[in-house]
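Reader: Could you take me through one part of this model at close range? I would enjoy a look at local backbone geometry, starting from a single strand pair.

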Amino acid sequence: MSKETIESQTKRYQFLQTELARLEHAYYVLDDPLVPDAEYDRLYRELLEIENRHPDWIRPDSLSQRVGGTPLKDFASVRHAVPMLSLNNAFEDADLVAFDRRCREGLNRQQVTYAGELKFDGLAIALRYERGILVQAATRGDGSSGEDVTANIRTIRAIPLKLLGNNIPEVLEVRGEVFMHRHDFEKMNQLAAKQGEKEFANPRNAAAGSLRQLDSKITAKRPLSFFAYGLGVLEPNSWLPKSHSELLDRYLQLGLPVCSERAVLDSIDQLRQFYQAIGLKRESLPYEIDGVVFKVNAFSEQNTLGFVSRAPRFAIAHKYPAQEALTTVLGIDVQVGRTGAITPVARLAPVEVGGVTVTNATLHNEDEVIRKDVRVGDTVSVRRAGDVIPEVVLVIKDKRPKHTSAFVMPLKCPICGSHIERIIDEAVARCSGGLFCAAQRKQALLHFAQRRAMDIEGLGDKIVDQLVDRNLVRTPADLYRLGFNALADLERMGSKSADNLLQAIEFSKKTTLARFIYALGIRHVGESTSKDLSRYFGSMAALMDAKLDDLLMVNDVGPVVANSLVSFMSESHNREVIEQLLALGISLNQEEGSVNVDLSGLTFVITGTLPTLSRDDAKGLLELAGAKVAGSVSKKTSYLVAGDDAGSKLDKALELGVNVIDEEGMLRLLGK
């Protein structure tokens, strides 16, 4: 090979190393992909091809070294030149107040500035860089020595194999946490379940187990991440900035990932506020934490305070209450939600989780119970996150008693006895009782009375709650049997309010077939579908007797909607409620406007404020003419009806070349 060719390939190899490192940093650290995955893969394959031709060119910081190497027999021991100490914990506000007092007294200061950051629930690690190249990684171990996991750490793409920039010390030992994002953990466990492999109890165990694999090729397949938050060995010491917060800023410049949830705090009140603010957003964070960490910010002040026993005096971990605990499943019942959703619920031996005594935990749905194989008598790990309903995370199958039975979903609703059905491709099973089921009654009544349905003004949540709780109303038909005395006796309901509500109920009797169909709350049957059904069948009797094939002839009605209608109408109690409503004087003959044109096949989007019509009125007129009204502009949009302050939808329509008309233009299309 010629000298020119060698030089050309050398330059190309150096470019690929630099470019791929830049792309990885943007993707894994900044969460800002710069190129499509296919382009990254193309460059990476080119790098491998060059290394195959020139294996002697491979450097420790080459990205090809992330894939893992030959399995180890065991981990070598690494002695920490600077011990990896634990932090003292604060569990109550008094502990935090005492920490602040000790720091102020130790520094002889009235006020101390702290750095606040998160306490990640992962595995502490020390990364040693020499002249910017990662040469060693070790676990915390006992604080004095840990395990050499360099081969495994190299597989984590969030950790740079080579630091960025020119301001790099001779030796830099970065302390931080290896962890796993929640969504990555869930995906990994789902895949393990499908393959019949062992599932991890939580992201922390998953991260620790992944990092301690003797075969680094296994670690390479695990979705591990990393945040830097501390410092070990440093040479020369003159590189050190003045404060901890400045150190983390400098880490970012070197290409090291640092958590953005951090702050500089100047008082005990600000420490409390940081703890509370992070606590409120804790469950929305993409990773798990078990507390926050407060450190005296200035390194000079940290040195003055020093250490006590095996912990620094200048730092403390303020922990949140534990969120997981072990308990026993005493039974498995099913609950019926307001929309008919059937949820299996584990009845538990009482256990304290997150500061609250837990006796029930959701099992979500039938598939989850089967996947986790939860059985009565099992010992389970229960998790409670903030105000979220507790859930069973994992079954400890080693503790399972003999002769347990797998869970079987009941066939009938435990509340009303209606059939429980599960539509294809849906995870949730539902009670088909609809209007009849007590568990669904309040939601059904509120839907029935809403403005776009029967439009019973004044029938809100608080009144519906009282009507149902006092057993005055069991089905929507009972609304039309209510008398003045029953309403006037409700809390916060005077004579005038009772009269107004009775008038609204009476007025609602005059409606359209489309509104009535929508008011019934049939699953998957919205306003647009109700109008299509009204136009096609023309009467409630015809719709009630429609067969599956008849329903499939209706515009935009597919198998899911058709099956839902058949199921609803097949329940005798649903038919009985409909017949009662009609017998009580509901008239379905009133028409809401009329049009003499057919706009079938056209799609409209309405935006902005129209001069004389509300959006709902405009939508109603278009749908009456057979048009479809969508919520967003796309290439399939036929017309955008634009009023004042049209905004981004107008911009999108102009960009796509969609016809833009005003209210007057829409009315012309409707022949008005």
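Author: Happily; here is a walk from one hairpin to some backbone features elsewhere in the chain. This is a predicted model, in which local features need pLDDT of at least 70 and side-chain atom pairs count only at pLDDT 80 or more, while totals for chains, interfaces and linings use all residues. Residues are numbered from 1 along each chain as its sequence is written, and side-chain values use heavy atoms, with hydrogens and water left out.

Let us start with strand β5, residues 133-139. Helices (H or I, at least four residues) and strands (E, at least two) are DSSP runs, numbered from the N terminus. Because five of its seven residues are buried, β5 is largely enclosed by the rest of the structure; buried means under 20% relative accessible area, exposed over 50% and partly exposed in between, with a 1.4 Å probe and protein chains only.

The partner of β5 is β4 (residues 123-130), joined in the antiparallel sense over six bridges; pairing requires at least two DSSP bridges between the strands. Leu127 stands opposite Ala137 in β5. Two residues separate the strands of this hairpin, and Arg131 in the turn has a positive phi of about 50 degrees.

Most residues other than glycine have a negative phi, and most peptide bonds are trans. Asp455, not a glycine, has a positive phi of about 55 degrees; this residue is in the loop between α12 (441-449) and α13 (461-469) and is partly exposed at 33% relative accessibility. Finally, the peptide bond from Glu235 to Pro236 is cis, with omega near 0 degrees, and Pro236 is in the loop between β8 (225-235) and α8 (244-253).
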